[in-house]
Amino acid sequence: MAKFIKRLKKSIGTVENALIIGTAFGYLDQLPDHFNTVFVHNKNNNIRKKNLVRIDSFDDIEISNSIHVVFFDLDYLPHIDKITGVLTRQRPYLIVEGNEVVERSNVECLYKAGYRAIEKLGMFHIWKMIK
């Protein structure tokens with residue numbers, strides 16, 4: 001098991017379904033093996049897995065009612081406000097690329113939804129709804 005997966009499972013435990021906006025920091029090929037269903041929205045994806053569901057538009061992201069963790073690449077950060085519906089209704093963990101917490105001005109929608117950065121783990125940091 002990769003170091004990335006070990007850190008992730010130690011921090012958030014075992015969860016069933018994931019939503020990936022981007023490439024999961026280059027670990028997209030490993031994640032379908034550790035979740036029941038993985039929903040993916042990115043520009044180009046050549047990975048074929050049985051439990052991988054491609055989402056073409058941000059409008060289709062609310063396709064599932066059981067998202068437990070969301071992976072968000074920094075390249076897609078300008079679009080983070082498009083997933084606030086999922087974040088407020090389903091309250092998943094949010095895993096953002098990079099160790100440094102994103103500046104508040106770039107993610108004000110997360111603060112308004114009650115999310116705060118709770119842990120920095122080197123290659124990513126974790127946000128959780130605390131309200």
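This section describes the sheet of a predicted model and the aromatic contacts around strand β7.

The sheet is open and consists of 7 strands with mixed pairing, arranged in the order β3-β2-β1-β4-β5-β7-β6. Its edges are formed by β3 (52-54) and β6 (115-120), each of which pairs on one side only. Neighbouring strands are turned against each other by 25° on average, direction ignored. Strand β7 (residues 124-129) runs antiparallel to β6 and is joined to β6 by 5 bridges; Y115 stands opposite M129 in β7. Helix α1 (residues 3-12) lies across β4 (69-72), β5 (93-97), β6 and β7, and runs at about 25° to β7.

In the whole structure, 8 aromatic pairs were found. One of them joins F4 and F124, whose ring centres are 5.3 Å apart and whose planes meet at 75°, so the pair is edge-to-face. Because F4 belongs to helix α1 and F124 to strand β7, this pair ties together parts that are 120 residues apart in sequence. F4 is buried at 1% relative accessibility, and F124 is buried at 0%. A second edge-to-face pair is formed by Y111 and W127, with 5.5 Å centre to centre and 80° between the planes. Y111 lies in helix α3 (residues 108-112) and W127 in strand β7, so parts 16 residues apart in sequence are tied together. Y111 has a relative accessibility of 14% and therefore counts as buried; W127, at 0%, is likewise buried. The ring of Y111 also lies under the charged end of R104, which sits over the ring at 4.1 Å from its centre.

Ring pairs further link F4 and F124 with F25, Y27, F35 and F71 into a cluster.

Definitions and conventions:
Residues are numbered from 1 along each chain as its sequence is written. This is a predicted model: local features need pLDDT of at least 70, side-chain atom pairs count only at pLDDT 80 or more; totals for chains, interfaces and linings use all residues. Side-chain values use heavy atoms; hydrogens and water are left out. Two strands pair if DSSP finds at least two bridges between them. Helices (H or I, at least four residues) and strands (E, at least two) are DSSP runs, numbered from the N terminus. Axes are lines fitted to C-alpha atoms, for helices over the stretch in contact, and angles run from 0 to 180 degrees between N-to-C directions. Contact means heavy atoms within 4.5 Å. Rings of Phe, Tyr and Trp (its six-membered ring) pair if their centres lie within 6.5 Å; planes under 30 degrees apart count as stacked, over 60 as edge-to-face and the rest as tilted. Buried means under 20% relative accessible area, exposed over 50%, partly exposed in between (1.4 Å probe, protein chains only). A charge sits over a ring if NZ of Lys or CZ of Arg is within 6 Å of the ring centre and within 35 degrees of the ring normal.
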